[in-house]
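Open your viewer and get ready to click along. Each stop on this tour gives you something to select and tells you what is there.

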Amino acid sequence: MTEREALIALNMLPRIGPIRVGRLMQRFGSASSILGAPRSKLEQAQGVGKDLAKILQHWEDHADLSAELSQISDRCLTLLTPQDEQWPTPLRELPDAPLVLYVWGEITSADNHAIAVVGSRRTTNYGRSCAQKLSFQIAGAGYTVISGLARGIDSAAHEGAVAAKGRTIAVLGSGLAQVYPAENMPLAELIADGHGAVVSEFPLNTAPDQQTFPQRNRIVAGW
């Protein structure tokens, strides 16, 4: 198993998370070493215990790695890890940075210079207009607009950046096979087709819920 594959597998496991994986990598040296470690040593690691050690030892019961890799290939997606040159530089400063990023579209070095424009899902026409105009100006000045592809202000922010022929990154609170909200799929396609990228840290078929959106927000803020 490659280190990239091990990171994908770890990212698919329940109740593990990037902070715990980071500690385990310091202890065992690599992601692949974590998945191959004896259960007794896993149980001794900080914040693991018997239940999580069992999940790690029997990780294939929780993560269908081959199916995930096949979907990544079939959908022509890019999978980035912190070891990749294209990994967004600002995310290296996050103490709980994602283990991987699924990328639909392209991330470039220009995206290291970014400004987040986010806001309410329930908004006024005036609010949408302001978000579009502000994002148009930000993108026109050469900065990448980061937002969450949500209804309302987020959508307007992406639309303004696209209208300026600039760059924008949509960070999802779901997997890339579960674009949410569904009515924003045309906007996601437009972004991925030469205007930036749609990205997610979540496995492809992850549905959005109350936890995934706050997790997503730390990436938007950190980037």
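## Stop one: around H9

The cover over the buried residues of helix H9 includes strand E2 (101–105), helix H8, strand E5 and strand E6 (196–200). Keep in mind as you look that this is a predicted model.

Now select H9 itself, which spans 185–192. Which residues of H9 are buried? Pick out Leu187, Ala188, Ile191 and Ala192. Turn the view until you look down the axis of H9: the buried residues fall within an arc of 135°, so they line one face of the helix. Just after H9, click on Gly194, where phi is positive at about 100°.

## Stop two: a cis bond and a cavity

Step back along the chain to the loop between E5 (168–171) and H9, where you will find Pro181. Zoom in on the peptide bond from Tyr180 to Pro181: this bond is cis, with omega near -5°. That deserves a pause, because most peptide bonds are trans.

Stay with Tyr180 and Pro181, since both help to line the largest cavity. To show the rest of the lining, add Arg121, Gly148, Ala150, Gly173, Phe213 and Arg216 to your selection. Colour the lining by type and you should get four nonpolar, two polar and two charged residues. The space inside this cavity is about 30 Å³, and the count of cavities of 30 Å³ or more comes to one.

## Stop three: H6 and what follows

Next, select helix H6, residues 65–74. Show the side chains of Leu65, Glu68 and Ile72, which are buried. They cover an arc of only 65° around the axis, which puts them on the same side of H6. What do the buried residues of H6 pack against? Bring up H1, strand E1 (78–80) and E2 to see these partners. You have already met E2, as part of what covers the buried residues of H9.

Rotate to the other side of H6, and you will find Ser66, Ser73 and Asp74 exposed. Then move on to Cys76, which follows H6 and has a positive phi near 55°.

Is Cys76 buried or exposed? Its relative accessibility is 67%, so Cys76 counts as exposed. While you are looking at cysteines, select Cys130 as well: Cys130 counts as partly exposed because its relative accessibility is 34%. How many disulfides does the structure hold? The number is zero.

## Stop four: two loops with a positive phi

Two more residues are worth a click for their backbone angles. Most residues other than glycine have a negative phi.

Go to the loop between helix H1 (3–12) and helix H2 (17–28) and select Arg15. Arg15 is not a glycine, yet its phi is positive, near 65°. With a relative accessibility of 55%, Arg15 counts as exposed.

For the last selection, find the loop between helix H8 (153–163) and E5, where Lys165 sits. Phi of Lys165 is also positive, near 60°. What is the relative accessible area of Lys165? The value is 74%, so Lys165 is exposed. From Lys165 you can look back to the start of the tour, since H8 and E5, on either side of this loop, are among the elements that cover the buried residues of H9.

Key. Residues numbered from 1 in each chain as written. Predicted model: local features only at pLDDT ≥ 70, side-chain atom pairs only at ≥ 80, totals over all residues. Heavy atoms only, no water. Helix = DSSP H or I, 4+ residues; strand = E, 2+ residues; numbered from the N terminus. Buried < 20%, exposed > 50% of the residue type's maximum accessible area, 1.4 Å probe, protein only. Arc of directions from axis to C-beta. Contact = heavy atoms within 4.5 Å. 1 Å grid on protein atoms, 1.4 Å probe; cavity = no way out; pocket = protein on both sides within 12 Å on 5 of 7 lines; lining within 4 Å. Points joined across faces, edges and corners; volume = space filled by probe spheres on them. Nonpolar A, V, L, I, M, F, W, Y, C, P; charged D, E, K, R; others polar. Disulfide = S-S within 2.5 Å.
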